[in-house]
Amino acid sequence: MSDWLWFLLVGGLMLARGLTVNLLERSPITPAMFYLAIGLLLGPTVLNLFHFNPLKESALLEVLTEIVVLLSLFSAGVKMPAPIDFSRWRAPILLASLSMTLSVGMVAAFAYYVLGLSPGVGVLLGAILAPTDPVLATDVQTRHAGDREPLRFTLTSEAGMNDGSAFPFVMLGLGMLGLHELGEFGVDWLLYDVLWATVAGVAIGLASGVALALVARRVRGALPHHNRMDNFLGLGLIGVAYGLSLLVDAWGFLGVFFAAVSLRQTEVRLAGPVQNPYRSHLGSTEPQEPAVIPDDQPPTSVSGGSLVFKEQLERLSEMMLVLLIGGTLFLDSWSVRAVWLALFLFVIVRPVSVIIGLQGTQTSWPLRGMVSWFGVRGIGSLFYLMYAIQHGLPEEIAMELVSLTLIVVTLSIIVHGVSVKPLMSHFTRHRKGSDLQDRA
């Protein structure tokens with residue numbers, strides 16, 4: 001595909017996306033579905049104007065997906081409601097830990113008994129497909145900082161954490177294939193890949209976010225406007241938290257997410273109570289949340305000033321990567337094995353793991369049902385796949401996993417994309433009806 005055609009394609013897509021924003025919001029399709037359709041049309045499936053080979057371009061795709069996930073994790077972290085309510089965080093923590101483990105185990109069992117793959121490949125496949133995606137699930141993610149809607153909060157915080165909590169299982173799968181040292185009886189894996197890397201990543205993230213908030217408050221003081229440079233500070237925090245995590249062999253995805261969370265929490269605490277204009281003009285008597293971004297965030301807020309820029313980069317990256325996904329698929333890429341795996345993941349693995357993971361919590365059953373369905377797979381899965389390939393995965397195994405993963409992600413974009421708007425509308429009406437009955 002010629003350079004001039006690439007520029008026309010990307011520029012045209014950006015213009016079309018900007019001009020049709022209201023139309024897409026009212027239509028039953030999502031932006032990701034639109035980009036995927038263009039990729040399938042121009043790729044080898046239909047016109048064959050270009051073909052992106054993920055196996056040959058695995059190094060490039062690993063870097064691209066890594067950057068996109070980092071941006072998305074930061075955006076998700078600064079949107080978390082403040083102050084932290086650990087009773088609210090219990091459900092997403094269980095989803096990112098217990099449900100994650102169950103998902104990996106069930107996919108690994110399916111891969112071994114149904115697909116005929118080795119146990120190591122099965123565990124690796126489970127780890128690749130288990131994390132939910134913070135990039136493609138825009139319609140079920142928190143819309144602004146301080147958004148307390150339970151479904152959006154649960155899915156966003158789960159995605160923010162499980163992109164990091166999947167890493168130990170990726171290393172376990174690589175270790176079972178002889179590509180990573182697990183130690184005798186898996187002791188090294190348990191001590192370093194599970195315990196150390198997880199705790200250190202969270203600790204680095206929390207410390208770096210608090211440090212930036214305190215330093216920015218002290219250095220910038222009460223100066224009125226800093227928004228133009230907040231993008232530098234936000235990107236700098238991502239780089240520092242991720243770099244420090246990699247330096248000590250910790251999970252950097254967890255580091256970046258919790259750096260963003262602690263940055264916002266610290267800024268809100270330092271700012272003190274700030275009246276939310278949207279609540280006050282409606283005459284609401286609900287307790288006010290301090291410094292809700294972006295509507296009433298204090299001007300010295302790093303998290304508020306950098307959020308819009310990160311979201312724009314995230315949307316641009318989503319367009320490019322989903323377009324490339326469409327450009328990887330041939331007609332014969334749609335194997336029965338891959339379709340059955342996707343159906344098993346959507347209909348069995350996700351609901352079962354969520355129901356078991358949320359046992360004993362106060363989560364309502366309608367909310368559990370929605371969380372059970374919207375386990376969107378996407379860019380995070382592509383990163384883990386490219387990461388495994390770059391760590392020496394044999395070509396035959398790599399080709400098998402590429403085929404399975406791409407079809408699962410493609411079907412997730414289509415199936416979850418088609419269902420998100422009607423289901424979210426129904427869920428919102430149900431909640432409003434329940435609230436009215438409670439007040440009556």
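Let's start at helix α1, which covers residues 3-19: its 17 residues reach 24 Å from the first C-alpha to the last, close to the 24 Å expected at 1.5 Å a residue. Keep in mind that this is a predicted model. Which residues of α1 are buried? They are L9, V10 and L13. Looking down the axis of α1, you'll find these buried residues within an arc of 90 degrees, so they line one face of the helix. The spacing fits a general rule: an α-helix has 3.6 residues a turn, so residues three or four places apart point the same way. Turn to the other side of α1 and you get the exposed residues D3, W4, F7, L8, L15 and L19.

Now for the interior. The largest nonpolar core has 104 residues, and L125, F253 and F257 are the ones with the most contacts inside it. Helix α17, residues 395-439, supplies the largest share of this core, with 10 residues. There's also a second, separate core of 14 residues, including L95, L151, L367 and M424.

While we're on α17, have a look at V420, which sits in that helix. Is V420 buried or exposed? Its relative accessible area is 5%, which is under the 20% limit, so V420 counts as buried. F374 is 46 residues from V420 along the chain, yet their C-alpha atoms are separated by 7.9 Å.

Back to F253. Leaving out residues up to four places away in sequence, F253 touches E66, V69, L70, L73, D163, G164, F167, Y242, F383 and Y384. Several aromatic residues are on that list, among them F167, Y242 and F383, which brings us to the rings.

A search of the whole structure turns up 17 aromatic pairs. Take W89 and F153: their ring centres are 5.6 Å apart and their planes are at 80 degrees, so this pair is edge-to-face. W89 belongs to helix α5 (residues 86-113) and F153 to helix α7 (residues 150-165), so to speak a link between distant parts of the chain, 64 residues apart. Both W89 and F153 are buried. The ring of F153 has another partner, as the charged end of R88 sits over it, 5.5 Å from its centre. A similar arrangement involves R368, which lies over the face of W365 at 4.5 Å from the ring centre.

Next, F253 and F383. What kind of pair do their rings make? With centres 5.1 Å apart and planes at 55 degrees, the pair is tilted, because edge-to-face needs over 60. This pair also links distant parts of the chain: F253 is in helix α11 (residues 252-271), F383 is in helix α16 (residues 379-390), and their positions lie 130 residues apart in sequence numbering. F253 is buried, and F383 is too. The two also belong to one aromatic cluster, formed by F167, Y242, W251, F253, F383, Y384 and Y387.

Finally, a couple of backbone oddities. Most residues other than glycine have a negative phi. F185 isn't a glycine, but its phi is positive, near 60 degrees. You'll find F185 in the loop between α8 (167-176) and α9 (187-220), where it is exposed, with a relative accessible area of 78%. D249 also has a positive phi, about 60 degrees, without being a glycine. It lies in the loop between α10 (227-247) and α11, and D249 is exposed with a relative accessible area of 59%.

Methods: Residues numbered from 1 in each chain as written. Predicted model: local features only at pLDDT ≥ 70, side-chain atom pairs only at ≥ 80, totals over all residues. Heavy atoms only, no water. Core = buried A, V, L, I, M, F, W, Y, C linked by side-chain atoms within 4.5 Å. Buried < 20%, exposed > 50% of the residue type's maximum accessible area, 1.4 Å probe, protein only. Helix = DSSP H or I, 4+ residues; strand = E, 2+ residues; numbered from the N terminus. Contact = heavy atoms within 4.5 Å. Phe/Tyr/Trp six-rings, centres within 6.5 Å; stacked < 30°, edge-to-face > 60°. Lys NZ or Arg CZ within 6 Å of the ring centre and 35° of its normal. Expected span 1.5 Å × (residues − 1). Arc of directions from axis to C-beta.
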